[in-house]
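Here is a short report for a reader new to this structure. It takes one place at a time.

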Amino acid sequence: MTRPSRSTPLEETRGASASGELLLEVRDLRTHLDTKNGLVRAVDGVSFRLHSGETLGIIGESGSGKSMTVLSMLQVVPKPAARIVGGEVLYRGQNLLEKNEREMRRIRGREIAMILQDPQTSLNPVFTIGNQIVEALRLHRRDGGGKALVHRAVEALRQVRIAAPEERIRSYPHEMSGGMKQRAVGALAISCGPRIIVADEPTTSLDVTIQAQYLRLLRDLQRETGLAILFITHDFGIVAKLCRHLLVMYAGRVVEAGPVRAVFNNPAHPYTRALLGSVVRADTKAERLEAIAGQPPALWGLPSGCRFAPRCPHADDRCRKEYPPQLRVRDEASDHVASCWRLEESHGNR
Amino acid sequence: MRRFLAIRFLQALVALLAITLIVFGLTHLTGSPVDALLPDDASQAQIESLIRHWGLDRPLHEQYLAFLGNALQGDLGVSLKWRGYTAMEVVLQRLPATLKLGGLSVLLSIVVAIPLGVVAARHRGTMVDKSANVVALLGQSLPQFWLGIMLIWIFAVGLGWFPTSGQGGLPHMILPAIAMASFQVAALARLTRSAMLDSLRSEYVKLARLKGVPEYRIVWKHALRNAAIVPLTYFGLLAGSLLTGSVVIESVFSWPGTGLLSIEAIRGRDYPVVQAVVILFAVVFLLINYVVDALYALVDPRIRRA
Amino acid sequence: MKLSRLRRYPLLPIAVLLAILFIPALFAEWLAPHDPYQSHLRNRLQPPVFWGGTWDFVLGTDRLGRCVLSRIMHGAQYALAISAVGIFVGAAIGTLLGLVAGYARGWTDIVVMRLVDISLALPSILLALAFAAAWGPSFEAVIIVVAFVLWAYFARQIRAEVLSIRERDFVARARVAGGSHARIVLLHILPNVVNTVVVMATLQVGVVILLEAALSFLGIGVPRPTPAWGLLVADGRWLVVSAWWISFFPGVAILLAVLSVNLLGDWLRDRLDPELIEV
Amino acid sequence: MNYARTSKLRVLLAVAGAALLAAAASAPVQAAGKVVLALDPPTADTNLFWNGTGERLPCFQALVGHDPITGKYNNSELAEEWSANEEFTEWTFRLKKNAEFHFGWGRVTAADVVHSYELTTGPDSTINSIEHLRAASVEALDDHTVVFRFETARTDYAFQHAGRGSMVVYSKAQFDKEGVDGYVSKPAGTAAYQYVERQPGAGVTFERVPDHWQGAVPDFEMLELRWIPEPATKLALLLAGEAHISDLPREIQADALAAGKAIVKSKNPAMSTGAIFNGMYGKTGDPAYRADLPWSDIRVREAMNRALNREEMIEILYGGRGEPVPSWLMDSRNEGYVPELKERFEGMYGYDPERARELLADAGYPDAFPDPTIPIVSSVLSGNPEFGTMAELLQVYFEAVGLQTEIREMDWATLGNLGRSREAYLISPVRNAPIRPTEAALVNFHTVRGTRYGGYESDMSEGLADKLEQTINPQERSRIAQEAFTYLFEQYADMPLAAVFAELTVDPTVVKDWTFPGVSTNSVSHYHLIAAAE
């Protein structure tokens with residue numbers, strides 16, 4: 001599981017397999033949100049890389065900015081409230097943030113597809129599954145007539161192991177079970193042959209056995225097509241099963257990143273530790289981490305220092321005043337980093 | 001489901017019965033047709049003979065029971081004012097005109113209100129949204145008869161685009177339909193707007209965006225198709241306002257529908273016709289509400305297949 | 001800071017309402033240049049001052065030589081009185097029945113809801129016509145018609161809300177604590193639907209002003225020579241070509257008042273009761 | 001499925017667009033040779049004359065016609081001549097032999113007249129003055145002679161058979177074959193226009209009869225009566241060229257004139273107007289009599305009359321086109337005309353607010369009366385908008401002299417109901433149209449037997465009316481009638497206002513003139529005399 005250590009700048013999180021092509025590199029992404037209560041820095045300097053064939057997990061409580069990060073990447077943030085104010089999103093070397101809406105539409109679905117959390121609501125209830133897949137196909141794959149598109153849609157359904165896809169294609173979402181719906185969403189995502197699939201908590205609403213089946217399906221798809229998967233979740237268990245690398249986000253920032261095993265074995269950030277603790281103690285689906293004292297921070301009026309400070313048992317004055325830099329965690333993984341002043345102490349103590 | 005419909009049906013029947021009682025009582029309290037239909041110098045003898053002829057000398061409850069008995073057999077009596085016709089015939093003669101006008105006005109209000117609502121939702125909180133709201137409200141802020149007269153003066157007399165009034169084809173219907181529709185636009189546009197807001201916030205719209213679907217398709221196809229259900233329910237409520245509107249609008253435009261008929265019938269104390277109009281409209285009201293349920297199912301496959 | 005806080009309020013509609021409805025209604029006696037009932041037969045059909053008339057009759061005179069401006073100002077009183085009383089009666093009946101139906105449920109509920117159905121299915125304008133024919137058009141008749149048209153909407157909405165409120169904890173607690181039904185309804189449930197009632201009532205003001213106009217057009221509104229706005233417009237409608245000002249200015253008053261009330265109602269709804277269905 | 005839907009929507013939009021364009025392109029088309037009359041909807045929108053109140057459709061004729069200019073009876077319709085016996089208990093009508101029904105229903109015979117009489121006096125008849133039409137017996141002496149017999153003298157029975165009276169002639173042949181349904185769908189008449197079709201609630205259309213038996217050839221091929229309840233719309237119709245003749249209320253005639261329209265008047269005054277004191281149930285012993293009504297006091301009645309500036313009222317109500325009259329029932333063309341009343345009028349009824357106030361003070365008004373309020377009826381509700389203006393105007397004048405007033409909006413039915421139960425204690429604007437023969441007028445408005453709306457009643461008025469009914473001698477009758485009119489005048493029994501002509505607003509580019517006497521129930525008649533421009 002340990003990967004060859006490389007000399008990389010500390011501020012960058014690496015998640016590359018040696019063989020994979022670097023598909024996506026996000027640098028210092030910042031998104032601001034205007035709310036009734038004032039400005040919210042929903043995404044505040046997030047960076048990561050994603051290679052083909054790789055699965056990167058992003059973990060955090062709800063409101064930590066993980067979904068906003070990927071939405072910003074694809075520029076589908078809720079307008080006009082949200083603004084992407086800085087950073088770069090390099091997809092195969094091209095900065096997506098410099099592209100216009102038209103060009104972005106060619107990226108969305110075609111290059112980077114997404115699976116949303118709740119299949120109950122993410123499929124349009126008034127159109128058939130076939131319709132919804134064919135629509136995407138027609139937008140991105142103009143080759144072939146209507147019949148060819150329908151054929152492709154059937155293929156996509158077959159790929160996600162939906163039985164009798166020729167019939168299912170005429171079904172409306174409400175005629176399918178939750179698991180099947182989420183597979184259909186998966187079919188929709190892979191139908192146009194994207195290189196990256198962003199899966200935003202795709203299994204949250206499924207029960208455990210279906211969840212396992214679904215994860216297996218994703219892994220198989222990845223093996224077959226060499227997809228890169230960006231997997232957003234608040235569930236360490238899933239990350240452990242699926243990902244090699246992960247980012248832990250808190251209040252719009254990456255607080256810890258690194259290989260899954262390294263983070264599991266040696267969680268450096270108190271927040272990560274608390275998250276892991278809650279996995280052990282509570283059921284894995286807990287959306288709110290009861291184990292951590294205090295509430296997730298309201299996203300406005302954040303402390304100027306470490307955002308976790310108000311809930312952190314170790315917080316001191318410095319934590320409250322100054323945001324800690326990203327520091328390397330001293331363990332076997334070279335790319336394990338975290339943002340915590342206590343890390344500096346441990347560095348200094350050495 | 002069937003049981004539910006059956007119960008609804010029975011309750012509707014009871015409501016209908018109550019309606020006949022109210023209408024019967026109220027119309028008979030308003031005075032006698034002999035006072036309305038006979039000339040000024042009708043003699044006492046003539047009046048009394050007609051009172052007997054029309055059966056108005058019998059006790060009220062007897063008249064009501066007789067009316068009810070006949071009504072159950074589909075006979076609402078003969079018109080006192082339009083002699084030679086039954087009350088139902090008189091009303092049915094005029095009903096198509098009202099339905100045509102009402103239908104066109106509903107269509108017009110949809111054509112105007114839905115885009116207004118959609119655009120307002122799309123540009124929520126901006127000046128566009130606010131102006132759309134004010135535009136929609138404008139039509140609801142003028143007395144309908146006044147708007148009708150203005151339309152006649154501007155478009156029929158001034159510009160000569162449409163005929164001023166009366167029965168006829170589509171050209172005759174445009175102005176009254178606009179006057180009638182103006183009232184519904186605001187409510188419909190606002191309903192569309194709020195439904196669209198919900199729809200645009202939904203996950204499936206997000207997913208459509210993530211699929212690379214162009215914005216206009218997202219708004220007009222994905223979101224609107226879902227949002228359209230909410231304004232549809234409004235049409236059930238519209239039935240009542242349709243008649244209210246038609247009474248005024250039909251007078252202004254001399255449109256020989258049931259609205260105009262009902263004024264004439266009340267002025268003439270033509271009880272059978274008044275009763276027929278009200279009963280018919282109550283039935284239509286209930287019917288429309290059923291139709292709305294059916295339409296609901298048509299737009300929303302979740303209900304259709306349920 | 002102060003200004004920006006003010007901006008949160010719908011200033012324009014409030015200003016318009018004050019100028020058109022409230023101030024004239026309260027101070028018409030002092031503000032109006034003439035007695036609204038006083039005919040100046042020698043000055044019949046005078047145009048407004050900017051149309052070749054005189055400052056004596058700023059907005060001109062009607063066919064009996066009465067001052068249009070004064071009549072509009074006094075008309076505000078009627079607009080306000082009809083809406084206030086009519087809506088109050090309608091809202092009170094509707095709210096009461098809605099509360100009882102929603103709280104008691106069972107047979108009471110069924111009966112009230114069927115009454116609502118009946119009321120909605122009856123073409124109100126026809127009933128108004130019949131009613132006016134029976135008892136003669138009068139201020140009271142208009143109020144009764146308004147109340148009759150409105151109550152069902154209130155009853156339906158309030159009942160729906162009560163149904164959900166009565167399931168909430170504080171109601172259960174009150175019941176366990178042994179509160180009487182009346183006490184629970186009045187002390188615990190009513191305060192929770194007051195916002196809805198206020199918002200709905202505000203939104204109905206426009207409806208009522210227009211209803212009064214429609215009734216006047218049919219000759220069953222407030223009896224003349226009362227300067228009710230609807231009657232003013234209805235009365236002047238024949239002379240739209242030559243003496244347009246007779247109906248035009250009251251029409252504008254109606255337009256602005258109804259528009260402002262609706263905008264204000266929207267704002268109130270957003271503030272007080274975002275859940276209210278927008279019909 | 002979606003594509004189908006989209007395309008359906010597109011088609012729909014295209015259709016709507018095309019329809020709008022088509023609508024825009026079709027300016028009001030007017031068929032050559034068609035004249036359209038925009039009129040108030042009639043009380044009874046029916047082909048069955050006896051179900052109306054006396055408005056005659058242009059396709060029908062009666063026995064007695066009248067001169068289009070003088071309005072006097074003549075033999076221009078179905079009867080060649082008529083006469084009464086000396087006692088006026090037997091009236092004989094001789095029919096023209098060549099009169100012919102439309103649509104091939106044959107010649108007019110005595111049987112048709114008897115048949116029509118029976119229909120018109122049947123149990124469901126709502127016709128004007130039906131009691132005056134009713135005879136003790138009717139008999140067809142031969143194919144072309146009909147005799148009506150009475151138990152009492154009937155001096156003016158011809159009135160009941162003239163255009164302003166009560167009976168038109170239907171075809172018995174049609175009735176025998178098709179029943180009433182035939183009349184409902186296509187009634188045959190005998191006039192120069194024949195029935196084409198009726199649009200319920202919208203109007204009736206007629207066409208010129210080819211080869212009319214009287215040789216009448218109306219200028220216009222087609223004649224359409226269109227019912228338009230809203231006066232503002234009538235005016236619009238006229239200005240837009242969609243209608244060519246309209247009975248516009250006088251208030252907006254000026255607007256039409258300003259737009260180049262013209263006014264055609266009846267050749268004679270068509271009605272007289274005024275206001276009456278209802279609820280004066282003054283015959284001795286009448287339980288409904290109320291001495292405490294303000295207007296039971298003659299001084300109050302005089303004051304009310306003197307409060308009125310009639311010249312100004314005529315200016316406001318009729319644009320100055322009306323003649324003040326000393327009595328709203330007396331007419332120079334009828335029996336019992338008293339020319340002196342006109343001279344005495346200024347002295348007794350002239351506008352004098354000072355005198356009015358004195359009279360009121362004299363009568364102790366308001367304190368002497370338990371309810372000093374004067375209720376004035378406005379019947380806008382019945383679609384008589386001009387009475388609304390009149391009521392308001394009366395109110396203005398009354399209040400100017402210190403009377404307390406209140407306008408009561410009610411329709412005719414309500415007023416009639418009140419009158420029938422003898423509770424109509426009100427002042428109501430009225431019009432006498434058509435101008436009735438003296439006897440009918442006196443009985444109608446000044447006896448207990450009269451109309452529901454009532455008017456001043458007293459032993460004297462009852463007595464004179466009774467006497468008039470029983471008298472045959474023309475000089476004697478005239479004397480009685482004169483006495484009655486003088487009595488009523490001196491009692492301030494009414495508030496007479498003006499004699500006015502029936503006025504129609506016409507489009508002079510289409511209609512040049514229309515000669516009609518102004519004596520029928522709905523004032524207009526002689527449709528075949530509508531003259532086209534050029």
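## A buried alanine in chain D

Start with D:Ala99. Setting aside neighbours within four places in sequence, D:Ala99 is in contact with D:Leu78, D:Arg107, D:Val108, D:Thr190 and D:Trp213. The model is a predicted one. D:Ala99 sits in a loop of chain D, between β5 (90-95) and α2 (110-120).

Is D:Ala99 buried or exposed? D:Ala99 has 20 other C-beta atoms within 10 Å, so D:Ala99 is buried. The cut-off for a buried residue is 20 or more. D:Tyr397 is 298 residues from D:Ala99 in sequence. In space, the two are 54 Å apart, C-alpha to C-alpha.

## An enclosed helix in chain A

Now turn to helix α1 of chain A, residues 66-73. Eight of its eight residues are buried, so helix α1 of chain A is largely enclosed by the rest of the structure. Which residues of α1(A) are buried? They are A:Lys66, A:Ser67, A:Met68, A:Thr69, A:Val70, A:Leu71, A:Ser72 and A:Met73.

A:Gln75 comes just after α1(A). A:Gln75 has a positive phi of about 55°.

## Two crossing helices in chain C

In chain C, look at helix α3 (residues 68-104) and helix α6 (residues 139-165). Their axes come within 6 Å. They cross at roughly 35°. The crossing of α3(C) with α6(C) is right-handed.

What classes of residue make up the contact of α3(C) with α6(C)? The contact has 23 nonpolar residues, seven polar and two charged.

## Two domains in chain B

The domain assignment splits chain B into domain 1 (2-72) and domain 2 (87-304). Where they touch, 14 residues of domain 1 of chain B are in contact with 11 residues of domain 2 of chain B. On the domain 1 side, α1 (2-29) and α2 (33-37) of chain B each supply at least two residues. The largest share of that side, eight residues, comes from α1(B). By class, the residues of this side of domain 1 of chain B are eight nonpolar, six polar and no charged.

## Confidence in chain B

How confident is the predictor in chain B? The mean pLDDT of chain B is 80. In chain B, 87% of the residues reach 70 or more.

Confidence varies among the elements of chain B. Helix α5 (residues 87-122) of chain B has the highest mean pLDDT, 87. Helix α14 (residues 301-304) of chain B has the lowest, 52. Where pLDDT is low, predicted coordinates should not be read in detail.

Methods
Residues are numbered from 1 along each chain as its sequence is written. Chains are lettered from A and ligands numbered from 1 in the order in which they are written. This is a predicted model: local features need pLDDT of at least 70, side-chain atom pairs count only at pLDDT 80 or more; totals for chains, interfaces and linings use all residues. Axes are lines fitted to C-alpha atoms, for helices over the stretch in contact, and angles run from 0 to 180 degrees between N-to-C directions. Helices (H or I, at least four residues) and strands (E, at least two) are DSSP runs, numbered from the N terminus. A crossing is left-handed if the near helix is turned anticlockwise from the far one by less than a right angle, and right-handed if clockwise. Ala, Val, Leu, Ile, Met, Phe, Trp, Tyr, Cys and Pro count as nonpolar, Asp, Glu, Lys and Arg as charged, and the others, Gly among them, as polar. A residue is buried if 20 or more other C-beta atoms lie within 10 Å of its own, exposed if 12 or fewer, and partly exposed in between; C-beta atoms are placed from the backbone. Two residues are in contact if their C-beta atoms, placed from the backbone, lie within 7 Å. Domain bounds come from an automatic or database domain assignment. pLDDT is the predictor's confidence in each residue, from 0 to 100.
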